[in-house]
Each structure stands twice: as structure tokens, then as C-alpha cells.
Amino acid sequence: MADVDPIDDARTALALIDALASDPPVHETMAILLDREHRGSTIVNFDGTVDHDAVLWVADRVTEMAHRVDDIGAVIIASFRPGGSDELDDVERWLTIDEQLGIVGIELVEWFVIGSAVSCPRSLLGDASRWAA
């Protein structure tokens with residue numbers, strides 16, 4: 001529930017993402033905005049994100065929102081690539097959006113790439129999990 005229960009593990013986040021995803025799957029990217037206690041406050045969905053670099057644009061929008069919405073402390077991003085998968089360039093994208101969000105004080109908890117399987121560029125890079133639980 002928004003502003004009540006924290007989203008503190010990947011399983012909870014993926015259940016929420018799955019419930020909100022288009023059916024059938026389409027190219028879209030979701031940003032789940034969290035407060036400082038990792039409670040969900042806002043979910044923004046960007047459709048038509050076919051270009052894999054679209055996640056950079058989504059991170060731009062999230063940083064802009066940080067100037068207008070109080071208490072955005074963290075974000076979970078999910079990019080849907082129907083029939084696709086992760087790619088090596090996702091590691092560079094992770095580093096870019098992590099740095100970009102960090103500049104405005106937003107923690108990038110996770111970026112899920114959802115296609116034929118679910119992957120996390122953070123883990124491809126070997127970075128430690130940022131989940132509280």
C-alpha cells in the first residue's frame with residue numbers, strides 16, 4: 001500500500017511491477033518512486049520505450065520530478081523488452097543512471113530488465129544488492 005508498506009525486497013517489487021505491467025507485454029519503462037523509508041509514493045509509466053537508451057530519458061524525468069515532489073529518496077526502475085533480454089550496454093546504462101540519480105540524492109535501488117527473463121544490470125556489474133531485506 002502506498003505510503004504504508006516499504007518495498008524492501010525484489011520479490012515485492014516484481015509482484016507490484018507484474019500487477020501494473022501491460023498484458024500482453026509491450027515496450028514500456030516504469031519508475032516506482034519511494035520515500036526515504038522505501039515506501040512507494042508514485043508510479044510513473046513511460047510507454048514506447050523501444051530504444052534501450054530510453055531508460056536514460058526516464059532517469060532524467062525522475063530527477064526533474066525530484067525538484068517538484070517532496071521526499072523522493074529512492075527509485076526502482078523496470079524496463080520491459082518483450083521477447084528481448086539484457087545486453088552488455090546495460091551495465092553502462094546502470095552506471096549512468098545511478099550516478100545521475102545520486103547527484104539529486106535519489107538511490108537507485110534496482111533496475112529490472114524484463115524480457116525473456118528478468119535481469120538486473122547491477123548484478124551483472126557485480127555491485128552489492130541495495131535491498132533492505
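Asp 53 counts as partly exposed, at 37% relative accessibility. On this scale, buried means under 20% relative accessible area, exposed over 50%, and partly exposed in between, with a 1.4 Å probe and protein chains only. Asp 53 sits in the loop between strand 2 and helix 2. From Asp 53 to Ser 85 the C-alpha distance is 14 Å, and 32 residues separate the two in sequence.

A word on the model itself: it is predicted, so local features need pLDDT of at least 70 and side-chain atom pairs count only at pLDDT 80 or more, while totals for chains, interfaces and linings use all residues. Residues are numbered from 1 along each chain as its sequence is written, and side-chain values use heavy atoms, with hydrogens and water left out.

**The overall fold**

The protein chain has four helices and five strands. Here helices (H or I, at least four residues) and strands (E, at least two) are DSSP runs, numbered from the N terminus. Following the sequence, you will meet them in the pattern α-β-β-α-β-α-β-β-α. The radius of gyration of the protein chain is 13 Å, close to the 14 Å from the globule rule for 133 residues, so the chain is as compact as a globular protein of that length. That radius is taken over C-alpha atoms, and the globule rule is 2.2 Å times the number of residues to the power 0.38. The C-alpha trace spans about 35 × 30 × 30 Å along its principal axes.

Buried residues account for 42% of the 133 residues. Contact means heavy atoms within 4.5 Å. Among contacts between residues at least 6 apart in sequence, 66% join residues at least 24 apart.

The side chains include 9 positive and 26 negative ones, and the centres of the two sets lie 2 Å apart. In this count Lys and Arg are positive and Asp and Glu negative, while His and the chain ends are not counted. Each charge is placed at NZ of Lys, CZ of Arg, CG of Asp or CD of Glu.

**Inside the protein**

A nonpolar core is a set of buried Ala, Val, Leu, Ile, Met, Phe, Trp, Tyr and Cys residues joined through side-chain atoms within 4.5 Å. The largest one has 19 residues, of which Val 62, Val 75, Ile 77, Ile 97, Leu 108 and Trp 111 touch the most other members. At least two core residues come from each of strand 1 (28-34), strand 2 (40-47), helix 2 (54-66), strand 3 (74-80), helix 3 (89-103) and strand 4 (107-114). Helix 2 gives the most, with five residues. A second, separate core has 16 residues, including Ala 13, Ile 17, Ile 76 and Ile 114.

Ile 77 is a good residue to click on. Leaving out residues up to four places away in sequence, Ile 77 touches Thr 29, Met 30, Val 55, Ile 97, Leu 108, Glu 110, Trp 111 and Phe 112. The C-alpha atoms of Ile 77 and Ala 59 are 8.7 Å apart, with their positions 18 residues apart along the chain. Ala 59 belongs to helix 2 and counts as buried, at 0% relative accessibility. Beyond its neighbours within four places in sequence, Ala 59 is in contact with Ile 97, Gln 100 and Leu 101.

**Backbone details and more residues**

Most residues other than glycine have a negative phi, and most peptide bonds are trans. His 38 is not a glycine, yet its phi is positive, at about 65°. The peptide bond from Asp 23 to Pro 24 is cis, with omega near 10°. Pro 24 is in the loop between helix 1 (10-20) and strand 1.

The table sets three residues side by side.

| Residue | Location | Relative accessible area |
|---|---|---|
| His 38 | loop between strand 1 and strand 2 | 11%, buried |
| Glu 99 | helix 3 | 56%, exposed |
| Asp 70 | loop between helix 2 and strand 3 | 73%, exposed |

Two of these residues also come with C-alpha distances to other parts of the chain. Asp 70 and Pro 24 are 34 Å apart in space and 46 residues apart in sequence. Glu 99 and Ile 43 are 21 Å apart in space and 56 residues apart in sequence.
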